[in-house]
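Please look through the sequence and the coordinates shown here before reading on. The paragraphs that follow lead from a helix to a surface patch, and then on to a buried side chain, some backbone angles and the question of confidence.

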Amino acid sequence: MGKIERPIRRQIISSFFLILLFSIIATIFTWAIIATLFMLHSNRINPANYYEKQIPTILQYIEQSNAQILQKDQKKDLEEMIPLEGMDYQVLNKNGTILYGSTSKQYIKSQKDLLNSFNTNLYDKNDIVQFYPIFNRKNEQIGAIGFRYSLNLASSNPQLSWLIFSLGLLAFASPFIYFSLFSYLIGRSFSKQIEGPFNHLMEGARKIQSHDLDFQLMESKTSKELNELVRSFEDMRISLKASLLRQWQLEEERKEMVAAIAHDLRTPLTIIHGHVEGLMDGGVKNPERLDRYLKTIFSSTQRSIRLIDQLNEASAIGRQIFIMEPKVVNTAEFIQHKAEEYKMLCAKKNITLKKSFILSDEAEMKINMDPYRVSQVLDNIITNSIRYCPKDGVIEWIITKEHDKVIFEIRDNGPGFQQEETGRVFKKFYRGDASRSGEDSNFGLGLYIAQMIVKKHHGAITVQNHAQGGAYTKIIFKALVEVKP
């Protein structure tokens with residue numbers, strides 16, 4: 001608050017240049033300190049070529065020793081001349097064979113290799129390897145001596161190597177360290193400026209999600225864009241409050257109405273159904289009119305109970321208490337059982353039910369799903385096909401088992417769907433046109449409930465008209481848990 005409102009882009013650019021400037025200044029200052037430390041201790045630090053400078057003295061000693069240097073008993077005297085803390089050596093005969101030394105690594109394989117190595121630098125990773133000839137008093141080349149050393153401060157000062165390495169690492173890493181440090185500090189300062197408005201926006205979003213619109217967002221003076229966003233969000237909140245309050249109220253009233261109807265009508269309708277069923281099965285004297293009335297009452301009661309059942313399930317889905325009870329199901333046995341049920345229903349209209357089961361592997365026979373809920377979906381789809389399929393019609397049911405999912409494809413040769421229906425059939429309380437309705441029309445809840453059950457199985461359901469006519473439904477159920485036999 002109280003700051004000048006500036007665009008975020010300008011603030012980001014300014015922050016970047018500040019980070020860069022501070023990092024450069026801090027890096028130069030660090031490098032100056034490191035250089036000063038080296039200058040103050042220059043008399044204690046050997047140069048990088050310290051060991052290379054020792055070679056002439058060692059060669060002078062070898063020249064005085066002549067052929068005796070090839071004897072192993074000279075090793076102790078020779079090593080007193082060589083600074084072994086930072087240099088390795090090996091003495092070879094004229095054929096290139098190693099006689100003795102502080103390293104046994106072979107760089108020379110033949111006399112020719114030895115002759116070619118003189119006055120030439122060999123390399124062993126970061127180390128330099130040099131060979132020098134050894135002559136006898138007749139000036140005949142009788143052998144050679146090789147040295148391995150490094151040309152860097154750390155190797156030339158083994159007692160101070162940790163300090164030199166640390167200072168070198170610091171000099172190399174300081175630009176990155178300072179850039180990260182100032183990025184954090186300046187970025188933190190910048191984030192605090194915009195954190196407040198974003199927190200207010202997120203808090204406002206959470207309140208809207210919980211149906212609380214009685215709040216007001218306050219503008220800040222940190223950023224022009226953020227203030228515009230806050231103003232737009234506040235305008236949206238006001239509009240939402242005006243339009244959604246009525247919608248939320250209607251939705252609550254609808255839920256209460258559905259729950260009340262389901263609760264109040266379930267018990268009396270069940271009692272009526274039981275008494276009428278008793279009268280019909282009891283064999284009492286019943287004239288033709290009485291029998292007709294009783295059957296009408298019975299069918300109406302059944303219809304009312306189906307409506308109450310569907311309203312209860314629709315209300316449960318709306319209140320998020322729709323519980324799944326998965327269990328291990330043998331797919332083939334489950335389908336065979338359902339097929340027997342549907343064949344009995346098809347027999348009333350002489351409809352042929354063609355079932356084909358595609359199973360790629362016997363090991364994939366089992367799947368984890370809720371058989372009761374899956375049966376609900378199949379009952380809804382296939383009974384609809386039976387209802388709208390003409391007499392002597394055909395219903396095709398293809399079942400495909402693919403590892404962790406089951407695919408049902410159901411096709412009938414009925415009238416099919418109107419083109420505009422396919423995108424609306426899953427809406428609650430939607431009913432199709434007269435071509436797929438009639439005296440026994442549904443309540444507009446079956447496909448809605450079926451879709452919710454399929455979604456609980458992480459699957460999908462689609463309806464459309466088959467290219468050869470009739471309705472075509474495809475249902476995919478995914479296993480809630482992979483099951484292996």
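Which elements do the buried residues of α2 pack against? In this predicted model, they pack against α3 (75–81), β4 (127–135), β5 (141–149) and α5 (153–156). The residues of α2 that are buried are Tyr-51, Ile-55, Ile-58, Tyr-61, Ile-62 and Ser-65. An α-helix has 3.6 residues a turn, so residues three or four places apart point the same way. Helix α2 itself covers residues 50–65, which makes 16 residues, and its span from the first C-alpha to the last is 24 Å, close to the 22 Å expected at 1.5 Å a residue. Just after α2, the backbone of Asn-66 takes a positive phi of about 55°.

Helix α1 (residues 8–40) leads to the surface, since it supplies 6 residues, the largest share of a nonpolar patch. That patch, with an area of about 640 Å², is made by Ile-13, Phe-16, Phe-17, Leu-20, Ile-24, Ile-28 and Phe-179. Phe-16, which is found in helix α1, counts as partly exposed because its relative accessibility of 42% lies between the 20% limit for buried and the 50% limit for exposed residues.

The environment of Tyr-342, in helix α9 (residues 331–347), is described by its burial and its contacts. Tyr-342 has a relative accessible area of 1% and is therefore buried, the limit being under 20%. Leaving aside residues up to four places away in sequence, Tyr-342 touches Leu-353, Ser-375, Leu-378, Asp-379, Ile-382, Ile-386 and Trp-397. For one of these partners, Ile-386, the separation from Tyr-342 is 44 residues in sequence, whereas their C-alpha atoms are 8.8 Å apart in space.

Positive phi values also occur in two loops. Asn-350, located in the loop between α9 and β7 (352–359), has a positive phi of about 55° although it is not a glycine. Asn-119, in the loop between α4 (111–117) and β3 (122–124), has a phi near 60°, again a positive value in a residue other than glycine. With a relative accessible area of 79%, Asn-119 is exposed, because the limit for that class is over 50%.

As for confidence, the mean pLDDT of the protein is 78, and 77% of its residues reach 70 or more. Over residues 434–441, however, pLDDT stays under 50, although the model has 16 contacts beyond four places in sequence for this stretch. Where pLDDT is low, the predicted coordinates should not be read in detail.

Notes: Residues are numbered from 1 along each chain as its sequence is written. This is a predicted model: local features need pLDDT of at least 70, side-chain atom pairs count only at pLDDT 80 or more; totals for chains, interfaces and linings use all residues. Side-chain values use heavy atoms; hydrogens and water are left out. Helices (H or I, at least four residues) and strands (E, at least two) are DSSP runs, numbered from the N terminus. Buried means under 20% relative accessible area, exposed over 50%, partly exposed in between (1.4 Å probe, protein chains only). Contact means heavy atoms within 4.5 Å. pLDDT is the predictor's confidence in each residue, from 0 to 100. Patches are made of residues with over 30% relative accessible area and no salt bridge: like charges are joined within 9 Å, nonpolar side chains (Val, Leu, Ile, Met, Phe, Trp, Tyr) within 5 Å. Accessible areas come from the Shrake-Rupley method with a 1.4 Å probe; for residues, only the protein chains shown count as cover. A salt bridge is a side-chain nitrogen of Lys or Arg within 4 Å of a carboxyl oxygen of Asp or Glu. The expected span of a helix is 1.5 Å times one less than its number of residues.
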